[in-house]
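Colleague: Please take a close look at the disulfide bonding in this model, and set it against the rest of the fold. Short sentences will do.

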Amino acid sequence: MTRFARPVRFAFLSLLTLAACKASEPNPADYPAYVEPDRGGDSVEMSVSVTVDTAHPELDNRTTLEPVAGPVTIAGDSGSLGASGFVRRVAARPDIVWVELFFDSGEDLSIAEVELVISSESAVFDLSSNPYSSAAVDSVALGNLGPEGMARVVLGLPNDGSVHSLELSLAGVTSSREARSSAPLAITPDGAEVWTVVPDADVVAVVDTASEQTVATLDTGARPRGVALTPDGAFAAVVSGDSNQVQIFDVATREEVAVFGEDEGVGRDPRHVVAAPDGSRFYVSSFVGASLTEVVRTEVGFYVGRSVALGPKPLGLGVSLDGSTVTVAHFLPRGRVTENEGWLSVVKTEDFSLGRELTLQDDFNLEEVECLTMLFPVSASRLTSEGVPTQLAGVFFPPSGNIAWVPGSAVGPNPVWETGPDAAELGVTSVLRPAEFLAPFHYILDGRVASEITAMLHPGVLEPPDNNIDYLNCAQPIFALESLARDVLAVDDNAYVNRGVATPTAYSGTNDAAISRFIGFSRGARRVLALGYAADELAVTDALTLHGTSQEPLPLSGSQPTGLVVSPDGARTYVSYDNSTFLSVIDSSSLAAADALPEPSYIRYEYADVEEFPSPPTPYTSLRVVRYIDEMPVLPPLTELGQIALVDDPMDPQMRRGKVLFNASNPDKYPISASKIGACASCHPMGLTDGSIWGTMEGERRTTMLVGGLANRGWLHASGTHADVDEFIDIIVGERLAGSLEAADHDALAEYLAVGIPALQSPPTDPDLVARGQELFETNCASCHMGERLTSGAPDPNSPFGGGLESGPLLFDVGTRTDSANAVLGTFFQSLLPEVDSMLLEQIRGDRDLGTGDWVQETLDFRPRPDRVAGQLKAPTLTGVSHNVIFFHDGRFDSLGEVVAYFDDFLGLNLSTDDRAALVEYLRSL
């Protein structure tokens, strides 16, 4: 399938001569990788003297807790570098003062592998990644400085009332290399063109930035997902997931010069591609094939090189500045609910091996929750619940690669309440309102040393005055920036608190924002530009202090933003969308003045009891973070100037509207949700599962996949409680999302849910084993898993979308009734709640009878369910079953092998080991 496009140089040659020439064409694999020249190589040095006065009055004569500059003095020869600093005290470590130092580069190239050497008579601790560190150091890896960028280091000094003096020296070497991340669009190094994929049109569009016009649309494979340019701008790689191919285009001529498919080693369903910083290759992640592959560039062409197997659902990619590692985000978590985790793979490019896996743990897993027993004298089993990081969309590096932002979310222990007009009033558990159930997070990684990239520990949990250092030392929670709905205090219009934050710290988001799937950076990487996918917004955060910079995000005109690029001078930002066939043009010049790039900034904040907003219980503090926003602008200093049309929308307007509504959350734009953090896609991203379990009004339930659509599934949900898509929409939109749809929108969403959500390809399988497994399935399983969708949902052939027959679904008791799936708030915390809240949580834990006399339904006044006996469950559809990460309604298993083994034992099938393997292979093929 490999093709190379070359000009015909000798048209006069005979066919025989042409054939001979073709036979002797060079094989790219016989040539070394082409490496772009590094334009750097100059040494850069800096020496400064730093004094820190730990008795400075600014540290004590204040009511808020943000760091202050007064106690720090910096002097000396800084050359092309600058330095600044801030100091604060932290409650959990009264033995030290916390010193943040920022180093500012005036170079237009990167400065690589910068080491900070420290000379001081005082003990100095490196707190940059580990705020608990107590080991004295005399040098710190500063990592790299990006072009016009800044680097941050946090030092701890003895809090002894004295003035500490430090001599600091830095040294590095300039380099034209920059860390890079995968994206759905890319801009040429001169800023002249933007290349962006249009998945629904099967093209990559080329936009001329001077005229702001689309000047070319190039055909791609089916559903192109990502595009990357070599750093010199010579070649573009486009990955198309549904056709399993990578295309290479010559940027100048816009001609395809190579295409590779699955047969050449490109994995199944490639979705992300990124170029190496030296331009020598592209890296491609395979979502279904679970692999990372390199496509190597040589002087005579391209070839597919090495591949490495990864775990399931690899997605976004980030390459370190030195090119030594590729970090891959896995979209879904792994493991059962009491031991699950989000995770990333770190691939070493030298030998193309999996160096290690970087985990983002759930602090409420059984093992991790042992730390909580230091606070509460009960067993870990009474404290465990759900809190797993999920939907990790990518690894987004600034040019320095010092830090990585991993956007995602976390499934928490709060139930997904459904309520009617006569619902009983709830207490603490109602802190999250309808449609507020999936917290957006940005997980922060320390990439200063590429080979040791790791999750940073959360510094904010050390701040509250009532925290417990023994617990914090044990738990050491990872650094996650959280955004949740906020309330402005009634007593002060310039102050506010966030509701329901998991880690109530100053690093929580300043504004409510939807789950993000993409991060970009302003000129000099001074500001983070985060796209809110479901809310159509752009939020701006200080990239150095990690504090917010505005009260609200910038509203965007398109639907579901997927990526952005910033022009080389920083003055323009271009935003692409999933459900709008145009680019938005953003004026970002306010963040790009060459002589006045943004400096580090902080929010003023304190911890206090807030009577209007009592705090829900957290292990970190019983107080609320109060933020003062009188000095913050309402919106970021950005303006959407207009749109650049890419193609005519190829999708039917009603289907497009349904797709928009499925993914939308912003109540200011769409009628489907009452909150920016609640959308259908919040729990069913891309029609998939979130890999977790929720407390629902029917009990604790695994999130089901919607891939392939709901048509012909019949009755819906694990207990077969929703007759069809129409009823499903009425209940979910009206009672979970607190939205309200007009008839036209209802019909559009119904059509999209039924037939618009595309199926995923199955993973590669062994045909002979699949055939044997199919025979076993038809003999042993087909009496429950029936029909086109292999379910007992009893689809009605006369229903437009295959809703359930009026007689109801076939339900089976396969021995899986449970008293607890360990997803909702632990029983100890439940016991501390008001009586009604506590009783409701107890009732929705595990399984119970539904329908007539259901106390939960009567108390909350939600739509009554049909009569169902606890443990009587529908045989679920097996469409795409291999793409689940947990199985059964309560998520008790995390592999198909365990599922087959369970039914073999429960039903007494007496399958051999080979039979079990064949049955699993057949299920993987569906």
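Modeller: One cut-off comes first: a residue is buried when its relative accessible area is under 20%, exposed when it is over 50%, and partly exposed in between. Bear in mind that this is a predicted model.

Now the disulfide. The count comes to 1. Its partners are Cys371 and Cys474, with sulfur atoms 2.0 Å apart. The cut-off for a disulfide is a sulfur pair within 2.5 Å, and this pair, at 2.0 Å, meets it. A disulfide is a covalent bond between the sulfur atoms of two cysteines. The torsion about the S-S bond of Cys371 and Cys474 is about -75°, so this disulfide is left-handed.

Where do Cys371 and Cys474 lie? Cys371 sits in the loop between β26 (353-361) and β27 (389-390). Cys474 belongs to helix α2 (residues 469-475). The pair therefore ties together parts that are 103 residues apart in sequence. A loop is joined to a helix here.

The two ends fall into separate exposure classes. Cys371 has a relative accessible area of 8%, so Cys371 counts as buried. Cys474 has 37% relative accessibility and therefore counts as partly exposed.

Two further cysteines deserve a check. Cys781 is in no disulfide. The nearest cysteine sulfur to Cys781 is that of Cys784, 8.3 Å away. Cys781 has 18% relative accessibility, so Cys781 counts as buried. Cys784 is likewise in no disulfide, and its nearest cysteine sulfur is that of Cys781. Cys784 has a relative accessible area of 24%, so Cys784 is partly exposed. The reason neither cysteine pairs with the other by this rule is distance: a disulfide needs sulfur atoms within 2.5 Å, and the sulfurs of Cys781 and Cys784 are 8.3 Å apart.

Next, the chain around these cysteines. The protein chain has 12 helices and 47 strands. Of its 926 residues, 62% count as buried. Its C-alpha atoms fill a box of roughly 90 × 85 × 55 Å along the principal axes. The radius of gyration is 28 Å; a compact globule with 926 residues would have one near 29 Å, so the two agree. Many contacts span long stretches of sequence. Among contacts between residues at least 6 apart in sequence, 65% join residues at least 24 apart.

Three parts of the strand framework give a sense of the detail.

Start with β17 (residues 245-250). Of its 6 residues, 6 are buried. Both faces are covered. Gln245, Gln247 and Phe249 are buried on one side, and Val246, Ile248 and Asp250 on the other. Strand β17 also has a pairing partner before it and another after it. Strand β16 (residues 235-240) runs antiparallel to β17, joined by 6 bridges. One of these pairs Val238 with Gln247 in β17. Strands β16 and β17 form a hairpin with 4 residues between them, and Asn244 in the turn has a positive phi of about 55°. On to β18 (residues 255-261): β17 and β18 are antiparallel, with 6 bridges. The bridge partner of Ile248 in β18 is Ala258. The hairpin of β17 and β18 has 4 residues between the strands, and Arg254 takes a positive phi near 65°.

Then Ser286, in strand β20 (residues 281-286). Its relative accessible area is 1%, so Ser286 is buried. The side chain of Ser286 reaches the backbone oxygen of Arg268 at 2.5 Å. Beyond its neighbours within four places in sequence, Ser286 is in contact with Gly267, Arg268, Asp269, Pro270, Ser291 and Pro314.

Last, an open sheet of 4 strands. Their order is β38-β39-β40-β43, with antiparallel pairing. The edges are β38 (561-566) and β43 (639-645), each paired on one side only. From one strand to the next, the twist averages 25°. Strand β40 (residues 582-587) meets β43 over 6 bridges. One bridge links Leu583 to Ile644 in β43.

To return to your request: the model holds 1 disulfide, formed by Cys371 and Cys474, while Cys781 and Cys784 are in none.

Methods
Residues numbered from 1 in each chain as written. Predicted model: local features only at pLDDT ≥ 70, side-chain atom pairs only at ≥ 80, totals over all residues. Heavy atoms only, no water. Pairing = 2+ DSSP bridges. Helix = DSSP H or I, 4+ residues; strand = E, 2+ residues; numbered from the N terminus. Axes fitted to C-alpha atoms, helices over the stretch in contact; angles between N-to-C directions. Buried < 20%, exposed > 50% of the residue type's maximum accessible area, 1.4 Å probe, protein only. Polar contact = N/O pair within 3.5 Å; in protein donor to acceptor, adjacent residues only side chain to side chain. Contact = heavy atoms within 4.5 Å. Rg over C-alpha atoms; globule rule 2.2 N^0.38 Å.
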